[in-house]
Amino acid sequence: MGRSFRRSSLAGQILLVQVLLFAVVLVGVGAVSVAQSRQASTDAQERRVRQVAEHVASLPLLRDQLGAVAQARGSALALTATAEQLRTTSDVAVVLVADPGGRVVASPADPRLVGSRLPEPPGGERDDPSWLGEVSLGERRTVVARVPVLADDGPGAGPAPGSVVGAVLVGQERPTWGAELRTALPDLATYLGMSALVGVLGAWLLARRVKSQTLGLEPGEIASLATHREAVLRGIREGVVALDVDGVVTVANDAARELLDLPADVVGRRVDGLGLPGEVVDQLTRGPAPLDRPVVSGERLLVLNRTLLRRAGAAEPVGSVTTMRDRTELVALQHELGASRTTTQALRAQTHEFANRLHTISGLVQLGRYEEVVGFIDRVSRGHAELGGAIAARVGDPALAALLVAGTSVADERDVDLVLAPGTHLPAVSEDLSDDLVTVVGNLVDNAVDAAAGAGGGTVEVEVRDDGAGGAVVVVRDDGPGVDPDLLPELVRRGTTTKESSHPGGRGVGLALVQLVCHRRGGSLTLDRGQDGGAAFTAALPARERAGTRG
């Protein structure tokens, strides 16, 4: 047809459904009300016809006339006249008078019934002289009551006192459904109309409320948004965790479950009951975090960004969304690059130093002082050999020894003396411990050299020793300005730095990485004040067997 019909809005659909429901309920209520009214009318009719029948049967005049007709002493006309008078005054439809055998002798409303027998009781005993029920008289259903007529205690040769001389049947036509409905319709229409008005108004208000709560979105749009949201959450590699104001998880994508090691049923649970580290819980629940806030979770170094959610025009937040990235491998690569840069700087310094010495050697050769050239070269070679040999003799790991040799040259460039402590002694270690030692010593030495150089030069003392169980202990001391030991948890947890940096987010992760390495091996990182007023960091790196499952 080429025509498109616009679907009704969500509010319109809700309103339509509510109106239809109210219509069904109102029809049902109306039918029940009419049925109850009809039953109440039937009960009232039954009580009335019984009372009239008992009254008619108890009248002495009717008894005398019925007895006279039974004994052929009286005329049925007089009995019919009496019955008609009683029917009229009692406002009933039918009054029948029968003899003891049940044959009608008086029927003022319908003379055609004279001579016929009284109706049988519906579902009752045929010989029951007194009964109440609904029977067919002519073309209408009639509620009737049959009562026996007993003889009076009068003089004469009449029937014995108390004997049955006949029966009276009183009936009232049962109203039709239409009549019942017409009778109940005014009140029913009033009450149901008011209920319908209230219902429709309530449905309209509910529809507007739902529309405002759904931000005016229609069901198809909501379903589309939900589908796209699931696709986005599953497609992005960053972890996403959403919380409500009570700290209950409402959204957690697959990446967040993996990064934080969350259970499958995390949605609907409080974040502080998931067994996460305290610093992670703090970042997820306390205020908007600065950009790229690093935290340590298990064996990972995560960078979190938290945003508060507010409804339009509302001051109070309704929840928060936190995104997270795994920076563990990236930071490790950064520090490997830093170690390479340190080596490069050491080589540059040595190149400058060797150039000066080559100039010295060239001058001595030009002056013809060959013996002094040999002596100068011997002294230079012996000095470098002694430095490398001294470090290699006390540090059995080649990678760590090379790092310390390169660090010595870099420290010399910055007017800082890098020395080994008297207690330094480390045999050859496993490859995994060697990598962790390079990371820990490199970061702590860089921080110590920066602190000492910032104070105008000084000394950095490094102590590396075996812990006696296959692990290692690293102590780095400097005579710089020092750091308050109480600030270590903040420095490690928050990833803050006391250094000046022009690269936001690029500094302040060294100690966090050291803490991560120590935690992964089941060790610890502590901070004390140095003897000369500087800082003394101690890192314990147990062997993997001691770290257990935490490694």
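Colleague: Is Arg270 buried, partly exposed or exposed?

Modeller: In this predicted model, Arg270 has a relative accessibility of 42% and is therefore classed as partly exposed, since that class lies between under 20% for buried and over 50% for exposed.

Colleague: With which residue does Arg270 form a salt bridge?

Modeller: One looks for a side-chain nitrogen of Lys or Arg within 4 Å of a carboxyl oxygen of Asp or Glu. Arg270 satisfies this with Asp272, the closest N and O atoms being 3.3 Å apart. Arg269 pairs with Asp265, and here the closest N and O atoms are 3.2 Å apart. Both partners of that second pair are partly exposed, Arg269 with a relative accessible area of 32% and Asp265 with 48%.

Colleague: How many salt bridges are there by this rule?

Modeller: The count comes to eleven. A further case is the pair of Asp432 and Arg521, whose side chains meet at 3.0 Å, N to O. This pair links distant parts of the chain, 89 residues apart: Asp432 belongs to helix 11 (residues 431-454), while Arg521 sits in the loop between helix 13 (510-520) and strand 14 (524-529). Asp432 counts as partly exposed at 29% relative accessibility, whereas Arg521, at 1%, counts as buried.

Colleague: Which residues are joined into one network by salt bridges that share partners?

Modeller: Glu461, Glu463, Arg465 and Arg477 form that network.

Colleague: Let us turn to the nonpolar residues. Which members of the largest nonpolar core touch the most other members?

Modeller: A core of this kind is read as buried nonpolar residues joined through side-chain atoms within 4.5 Å. The largest one holds 39 residues, and Leu400, Leu444 and Val460 touch the most other members. Among the elements that each supply at least two residues are helix 10 (398-413), strand 12 (458-466) and strand 15 (535-541). Helix 11 gives the most, with ten residues.

Colleague: Leaving aside neighbours within four places in sequence, with which residues is Leu444 in contact?

Modeller: Leu444 is in contact with Val474, Val476, Leu511, Val514, Phe537 and Ala539. There is also a second, separate core of 23 residues, which includes Leu62, Val143, Val147 and Val165.

Colleague: How should the chain as a whole be described?

Modeller: The protein chain contains 14 helices and 15 strands. Of its 551 residues, 36% are buried. Its accessible surface comes to about 30700 Å², and carbon and sulfur atoms account for 56% of that area. Among contacts with a separation of 6 or more, 55% are between residues 24 or more positions apart.

Notes. Residues numbered from 1 in each chain as written. Predicted model: local features only at pLDDT ≥ 70, side-chain atom pairs only at ≥ 80, totals over all residues. Heavy atoms only, no water. Helix = DSSP H or I, 4+ residues; strand = E, 2+ residues; numbered from the N terminus. Buried < 20%, exposed > 50% of the residue type's maximum accessible area, 1.4 Å probe, protein only. Contact = heavy atoms within 4.5 Å. Areas by Shrake-Rupley, 256 points an atom, 1.4 Å probe, with all protein chains shown as cover.
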